[in-house]
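Visitor: I have a structure on screen and would like to learn how to read it. Can we go feature by feature?

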Amino acid sequence: MSWRPACALASLLLVGTTAPAAAQQQGQAPILVPDVSQHQIELRSGFTGAELLLFGAIAYPGGRIPDGQIDIVVVIEGPRTPITVREKAKLGGLIWVNAESNSYRTAPSFYAVASSRPIADIMDDREAYVYEIGLKHLQLSPLQVGDTQEQLRFRDGLIATNMADGRFAQSTGSVEISQKLLYSARIAIPASVPEGRYDASTYLVRNGKVQAAEETEVVVAKRGVEQFISLAADRYGFLYGLAAILLSLGLGWLAGVLFQRRQ
Amino acid sequence: MDIYLPIANLAVNGFVIIALGALVGFLSGMFGVGGGFLTTPLLIFYGIPPTVAAASASSQVTGASVSGIFAHLKRGGVDFRMGGVLVFGGIFGTGAGAGLFALLTELGQIDTVINIIYVVMLGGIGTSMALESWRSVRALRSGKPLPARKRRHHPLVASLPWRWRFYRSGLYISPIAPLILGFLTGVLTMLLGVGGGFIMVPAMLYILGMGARVVVGTSLFQILFVTIASTMMHSVTTHAVDIVLALFLLVGSVTGAQIGARFAQKLPPEYLRLALSCIVLLVALRMVIGLGWRPAEIFTVQPL
């Protein structure tokens, strides 16, 4: 097996138990008190995207604010799904068609990260891989093994495509920290955001290590008419089709009648 | 006016969609075609996913053909027997098209196939229509009428067994020929979201040899039922019909179709055909460029 799944497993164990917990036991780790501007993003008619505000306070043990730099990283991650990435190639020097493809088992459907400074300046690659902070450090679990050069190309392609669609984003500077006590971060949610339960994570980083991590949930869901239509299309295909047909017949007939009268 | 499309999962400007529908409706009313061959590519250019575009465009074609068919029914311009055979073939065609659609989607080649079919079909039909109408326009200008084309069906059609009489079309041919024609149009309807009128009409005239009086009405009859079948097939298999998108397209197109039909009465048909062939060729050209140009995104992401 390649090292990626092994690393993913290790990161699971680490996030779950060791890293921030160990620091907390020593009684010197700061505590994050995070909140998010909305726990529900409703996709309704007129939805053209939203801006999520993640904010909160940092509580230090004994109330002593430490010397040196602290950094905040926030990550919004959509549900992970299996995907196929296809690469277009020129066929016979004439037309562009999908040629090779790579599949991934756990690609996030949405991933946006914002940090107070560039991630490379805050922590080393190892720490970033453990917490999957930054697009470069996502664990996608590719289904194919072998040629790493090709895997890298597809990985970069996937990230670039999703960034162009607004589904992946990485930014610095939209995180503000005041007095090392309060922080706020803005993350833009595009109109094409997929539905599902999102994890909004906040990390406090100091001296290259994640010192505290907190997670909240944000639900992205269609509501109202949009929810009804989407459910009907998925579950009651026949009735939905019937409704679409009657709508088109009705409107066509109505236009015919109305215009006939006017003549 | 921003509208969130619940199946396409994106926000669009409602006025743009209505305007797009009106433009296509205007052309369809003017030229007597469904206009699906314009709707699907225009929706894709606008950013609607190809599957949703093809699935929703067929319900727009249904709406546009309804009002047209009443006029033809009144004049007795529909050969029900011929139409019935075509629809029968067409419904099987949409079924086969659905299978093909699923297969091509799995292979990741659906977009390329859609584009290539468009280029071949629009290019071929546009060219022959342009040449034919150009000759008629020249004849009209010089005052020398063209020799009347003899109405007869293709020799291949004549060789098929079990002949039926199609009284209104003035034909005595095997139903296998229109059955195959209907089947192929059904496949295209499912794949492209077109009604297929721009293939059906020339095929009826030059392959089946039907009387010109019933060609347009019978073609509309077939389009109406096959697009209904295709909307249903998409609703049940791909779940990609966006009813909100269809509603906005319909509002524009049924209005546009009426205006287009009034407009058409004021222009000589030879010029209309020449104009239509230019539009068809432009769409084909845009598709060729799309195929040969290096795409902005080399990679595409598809859920498994």
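Visitor: Which elements do the buried residues of α4(B) pack against?

Guide: Bear in mind that this is a predicted model. A helix repeats regularly: there are 3.6 residues a turn, so residues three or four places apart point the same way. Here, the buried residues of α4(B) pack against α5 (110-142), β3 (164-166), α7 (176-192) and α9 of chain B. Among those buried are B:Met82, B:Leu86, B:Gly90, B:Gly93, B:Gly97 and B:Phe101.

Visitor: How many residues does α4 of chain B have, and what comes after the helix?

Guide: It spans residues 80-107, 28 in total. First to last C-alpha is 39 Å, close to the 40 Å expected. B:Gly108 follows, with a positive phi near 80°.

Visitor: Is α9(B) largely enclosed or open?

Guide: Of its 25 residues, 22 are buried, so α9(B) is largely enclosed by the rest of the structure. This helix covers residues 212-236 of chain B and reaches 36 Å.

Visitor: Now the strands. What is the order in the open sheet?

Guide: Strands of a sheet pair through backbone hydrogen bonds, either parallel or antiparallel. In this sheet the order is β6(A)-β5(A)-β5(B), with antiparallel pairing. β6 (95-108) of chain A and β5 (299-303) of chain B stand at the edges; each has a single partner strand, so one side of each lacks a neighbour in the sheet. The twist averages 25° from one strand to the next.

Visitor: Which helix packs on the sheet?

Guide: Helix α4 (residues 148-164) of chain A does, touching β5 and β6 of chain A and β5 of chain B. Its direction makes about 80° with that of β5(B).

Visitor: Over how many bridges do β5 and β6 of chain A pair?

Guide: Over 10, in the antiparallel sense. One example: A:Arg86 has A:Ser101 in β6(A) as its bridge partner.

How values were computed. Residues numbered from 1 in each chain as written. Chains lettered and ligands numbered in written order. Predicted model: local features only at pLDDT ≥ 70, side-chain atom pairs only at ≥ 80, totals over all residues. Helix = DSSP H or I, 4+ residues; strand = E, 2+ residues; numbered from the N terminus. Expected span 1.5 Å × (residues − 1). Buried ≥ 20, exposed ≤ 12 C-beta atoms within 10 Å, placed from the backbone. Contact = placed C-beta atoms within 7 Å. Pairing = 2+ DSSP bridges. Axes fitted to C-alpha atoms, helices over the stretch in contact; angles between N-to-C directions.
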